[in-house]
Amino acid sequence: MEEDPPVVVLAPSPDGGRQVTVHGERAGIAYSLFDVLEFLHRAGLPAQDTAVDDPTLIEWRGGGPYDWNGTAPD
């Protein structure tokens with residue numbers, strides 16, 4: 001049985017911020033990859049640069065790790 005990733009990053013809002021949840025709990029709003037890495041670090045999860053491309057760690061919704069301007073692709 002596949003397990004859901006512990007981190008979910010939602011689609012960018014109009015201001016470019018993306019809500020982040022860790023283990024189902026709201027971690028905050030990220031405005032860059034650095035913010036996502038900080039949330040990972042605070043949660044005790046791997047916070048190296050390669051973590052943002054790990055689908056077993058992070059589920060990106062409404063755009064990938066490089067979509068931050070509020071205009072994520074459909």
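Helix α1, residues 33-42, lies across β1, β2, β3 and β4. The helix runs at about 155 degrees to β3. This is a predicted model.

Now take the sheet beneath that description. Four strands build an open sheet. Their order is β3-β2-β1-β4, and the pairing is mixed. The edges belong to β3 (25-30) and β4 (58-60). Each of these two has a single partner strand, so one side of each is left without a neighbour in the sheet. From one strand to the next, the twist averages 20 degrees.

Look next at β1 and β2. Strand β1 covers residues 7-9, and strand β2 covers residues 18-22. The two pair in the antiparallel sense, over three bridges. Val8 shows the register: its bridge partner in β2 is Thr21.

The core comes next. The largest nonpolar core holds 16 residues. Which of them touch the most other members? They are Val7, Val9, Val20, Val36, Leu40, Ile58 and Trp60. Four elements, β1, β2, α1 and β4, give two or more residues to this core. The largest share comes from α1, with four residues.

Val7 makes a good place to finish. Residues up to four places away in sequence are set aside here. Val7 then touches Val20, Thr21 and Val22, which fall within the β2 range of 18-22. Val7 also touches Leu40, which falls within α1, residues 33-42. Further contacts of Val7 are Leu45, Leu57, Ile58 and Glu59. Of these, Ile58 and Glu59 fall within β4, residues 58-60.

Conventions. Residues are numbered from 1 along each chain as its sequence is written. This is a predicted model: local features need pLDDT of at least 70, side-chain atom pairs count only at pLDDT 80 or more; totals for chains, interfaces and linings use all residues. Side-chain values use heavy atoms; hydrogens and water are left out. Two strands pair if DSSP finds at least two bridges between them. Axes are lines fitted to C-alpha atoms, for helices over the stretch in contact, and angles run from 0 to 180 degrees between N-to-C directions. Contact means heavy atoms within 4.5 Å. A nonpolar core is a set of buried Ala, Val, Leu, Ile, Met, Phe, Trp, Tyr and Cys residues joined through side-chain atoms within 4.5 Å. Buried means under 20% relative accessible area, exposed over 50%, partly exposed in between (1.4 Å probe, protein chains only).
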